[in-house]
Amino acid sequence: MSTNNQAITSEQFVHLRKNQPRFEGIESGHRACLGCGEALAARLVTEAAGPDVMIANATGCLEVFTTPWPESAWRLPWMHSLFENAGAIAAGMEAALKAQGKHTKVLAFGGDGGTFDIGFQALSGMLERGHNVLYVCFDNEAYMNTGIQRSSSTPHAAMTTTSPPGSERMGKRHLKKDILSIVAAHHIPYAATASVAYPSDLRKKIRRAMAIEGPTFIQIHSPCPLGWGHDGADSIKVARLAVQTGLFPVIELERSELIGSMPIRNPRPVTDYLELQQRFRHLFDKDDTRAVEELVHIQALADHNIKHYNLRGEGMDALDSDGADSVRRGGMRWA
Amino acid sequence: MKLTRGSFAFPGTTLGYKTGTWRIQRPEHAHRRAPCHAECPAGEDPQAYLALLDEGSPRDAWECLVSANPLPAITGRVCPHPCETGCNRGQYDEPLAIHSIERFLGDEAIAHDWPYPVTAAEANAPHVAVVGAGPAGLAAAYHLLRRGLQVTVFDETSEAGGTLFSIPDYRLPREIVRAEIRRLLETGISFKPNHKLGRDIHLQDLQQEYAAIFLGPGLMQSREWNVDGVTPTDLHEGLHLLKQWSDVSSLPEMKSAAVIGGGNTAIDIARVLKRNGVDTQIVIHSSLPDPEHPSEEDMRAIPREIDQALEEGIQIHDHHGVKRLILRGEKLTGIEIVRMRKLRNDKGRLHRVAFEGTESILHVDQVIPAIGQVIEPTGMENLLNGSSWLKVDEWGQLAGKDNIYAGGDAIEGNSGTVTEAVGNGRIAAQAIAAKLKQQELPAIDKSESIPFESLNMEYFEPAARAEQALLPVEERVGETEIESGLSGRQASREAKRCFACGNCLRCDNCWTLCPDSAVLKTEEVMVDGSYYVFDYDYCKGCGLCANECPSGYIRMLDE
């Protein structure tokens, strides 16, 4: 077996790093965990959004792992807001730029905690006032930065430190909040979901949102190996299965109307997705009738999504859940 | 407003922190042999030339192909393509049509007259004699030339090609054989026709005159055949008829014939006879191959050829033997055949048992044995020592002979394909060149090829295999070639189906999906054929790239 010729000098590495054929908004050296879905999602977003942007970033993992003082991984103007006010800060940045006659697009970044729960009021205000901001929610389905507490985005029956399974409950009792419908109900021009397992689709949606004048919202499903309890090497696999089972519908809404969805070519049973993650391990106790019932419940949720969003594909489609990530020699991706 | 020290940081400064120190595993590019490469008897790496074809460089693809096999237009037509049996894509949808691509590239090279990527040897280079201008001898000569040696090829006939001319035109048109061999000889191989070993040239003289000898004598003599000592007086055997057909395009008068034997010669002559209006049947001890259950008892002929023969209306009586010839005077009027199977006797040995009560009569006026060929020993008696094969080591060197090598059908254990002969020639040439230049011989790569399970199928889409157009049975007349080649468009489309097993597909997946931007894309292709390097200063060793590499080219190693 031959190995890669790694005998290139450190100067060549520096040269290469500076001359990568893509824009990288986040540099290496950030402190994200191994296989972090959010770090990947943030890089893909900045890559598609391009250099002429400013970011307001709510408190959360992304903020913490990219800015260990006095360093910063960001190669973009970036401002840390509080947990609850990324929407308000972004709105203010946008208003200030507008007053100066500048056209730099403002992005707001938040995790699911900063978006679904704590920052929701500021987000709603920003959307309602029609600011020209792209709000990106990195959805890893719990408060990972503070130690895996449940959020309103945590899926039903998942184990977190504040929704432990036991004699009373099988993990989180409540359902995952349908944030996209709530956001879309503000009648904004564009709201969409995306997944790190489908980078071309993700970048396409970012570019689309960037081109829209007005508030836009993208929710990106980003696995958290530590919080979900899976191997960091499996992050993409887990994210892909979330889409292929129907548990995370990849859809686009314009003015709250469904205008597109990624069809599922071969729907997979939800157990394929759940069994990879420790946060669902209590559902695999065959002697526990509650566990069996929850598995059936989660399958029903997936089936409901497939029916509600009409996700069932018909035959082969280059942009469905099996085709959208296909690769070609020479790296020619469709977006 | 003045920003205080704690309120800002300079952009991109995390680069000062080397997250590579966290790592307990490291990703590495690990080339593994694609199954098509491991399976090819000629030593081709189809994955490599498919890549070049996919990148839009058919000429580079052809040069890559002929770096192993100088006769692709020929082997692309007649090889049983074990590469396709091995192809990992066969476990996904259908294997790559590698033989069609090989033929396409060979035909393109002839059509555009692309010169072989070799230069003539220097005048003072050692000189090697090659005896026999069949596929083994020609391949040996070409590979010797590639390694800077002078070569002279001797053949007893007036034309180079050897056994290739006994393959009928409907499978392998002789103008293709002639065109490819002419171009090959023009590279600087000296060819001496009408030189027969033991008549015009002698081993002892060759040994004195040349630095080394390669023998590719083939099996040019038919095995003897009779039924209880009886043969019809006008017996024609299969190989002889094929040669006659190839040389003068005529066959003896006959209305019906029974061909005895299950090898390619039997199938070939049966199909030639059929094309000449002869009602033809084949009688064979062994079994018709079942792709699902390959067995040692299967006919030796290429399954594709057997299928086409059946399509063309040739009846094959498998598990049958000839019990008796029915003669009217000296003229054959039929044969009596009987069902037979190989069974073990009480000593555990396999022997054939004929079953009483299963006899039947075939009314034929010719019986044509094609039960195999043997070496024609003239001039090599001392090497053979009474054996019917040349015995060689894995480099093709004759046991106990310092500078004599051999390859092709005449060596022991050979499967009798053109492709294997080409492979024998190439390997022997490598050994001869190393010996004459006093270089170390590299070990023959016997590494396991990469299994299907090591690939990631999420990144591929089903796509139909390119099929060569096949003449309908009613149009298969005369010498017309029944399969036509792929178009350039079909070929490059087909090349896109390749998974690049164990090699870099350059798909950007590792570069796109690394959460730590620790995979860097390079400007130039790296020596390992990839366009990526790992930046171990920042790689945390998560293994995501290895999991998501579609072609199994990245492996994780413990630090």
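## A walk through a two-chain model

Let's start in the middle of a sheet: in chain B, strand E2 (residues 127–131) is joined to strand E5 (residues 212–215) by 4 bridges, and the two strands run parallel. Keep in mind as you look around that this is a predicted model. Two of the partnerships are easy to find on screen. B:Ala129 has B:Ile213 as its bridge partner in E5(B), and B:Val130 is partnered there by B:Phe214. If you're wondering what a bridge reflects, strands of a sheet pair through backbone hydrogen bonds, either parallel or antiparallel.

Now look across to the other neighbour of E5(B). E16(B) also runs parallel to E5(B), and 3 bridges join them. B:Phe214 turns up again here, since its bridge partner in E16(B) is B:Tyr405. Zoom out and you'll see an open sheet of 5 strands in chain B, in the order E4-E3-E2-E5-E16, with parallel pairing. Which strands stand at the edges? They are strand E4 (190–192) and strand E16 (404–406) of chain B; each has a single partner strand, so one side of each has no neighbour in the sheet. The sheet isn't flat either: on average, neighbouring strands are turned by 20° against each other, direction ignored.

What packs on this sheet? One answer is helix H14 (residues 418–436) of chain B, which touches E2, E5 and E16 of that chain. The direction of H14(B) makes about 175° with that of E5(B). As for E5(B), both of its faces are covered. B:Ala212 and B:Phe214 are buried on one side, while B:Ile213 and B:Leu215 are buried on the other.

Staying in chain B, try helix H3 (residues 58–66). Its buried residues are B:Pro58, B:Ala61, B:Trp62, B:Cys64, B:Leu65 and B:Val66. Look at the spacing with this in mind: an α-helix has 3.6 residues a turn, so residues three or four places apart point the same way. The cover over the buried residues of H3(B) includes helix H2 (46–54), helix H4 (72–78) and helix H6 (98–112) of chain B.

Next, the nonpolar interior. In soluble globular proteins, nonpolar side chains tend to be buried together. The largest nonpolar core here has 218 residues, and those touching the most other members are A:Ala90, A:Phe109, A:Val136, B:Ala141, B:Leu144 and B:Phe214. Yes, that's our B:Phe214 from strand E5 once more. Leaving out residues up to four places away in sequence, A:Ala90 touches A:Ala56, A:Val106, A:Ala108, A:Met126, A:His131 and A:Val133. There's also a second, separate core of 32 residues, with B:Ala257, B:Val259, B:Ile269 and B:Val322 among them.

Over to chain A, which has 12 helices and 8 strands. Its C-alpha atoms fill a box of roughly 60 × 60 × 45 Å along the principal axes. A compact globule of 335 residues would have a radius of gyration near 20 Å, and chain A agrees with that, at 20 Å. Of its 335 residues, 56% count as buried. Among contacts in chain A between residues at least 6 apart in sequence, 70% join residues at least 24 apart.

Finally, how do the two chains meet? The contact takes 50 residues from chain A and 55 residues from chain B. On the chain A side, the elements giving two or more residues are helix H1 (10–18), helix H2 (37–49) and helix H10 (235–245). H10(A) gives the most, with 4 residues. By type, the chain A side divides into 19 nonpolar, 18 polar and 13 charged residues.

Terms used:
Residues numbered from 1 in each chain as written. Chains lettered and ligands numbered in written order. Predicted model: local features only at pLDDT ≥ 70, side-chain atom pairs only at ≥ 80, totals over all residues. Contact = placed C-beta atoms within 7 Å. Nonpolar A, V, L, I, M, F, W, Y, C, P; charged D, E, K, R; others polar. Rg over C-alpha atoms; globule rule 2.2 N^0.38 Å. Buried ≥ 20, exposed ≤ 12 C-beta atoms within 10 Å, placed from the backbone. Pairing = 2+ DSSP bridges. Axes fitted to C-alpha atoms, helices over the stretch in contact; angles between N-to-C directions. Core = buried A, V, L, I, M, F, W, Y, C linked by C-beta atoms within 7 Å.
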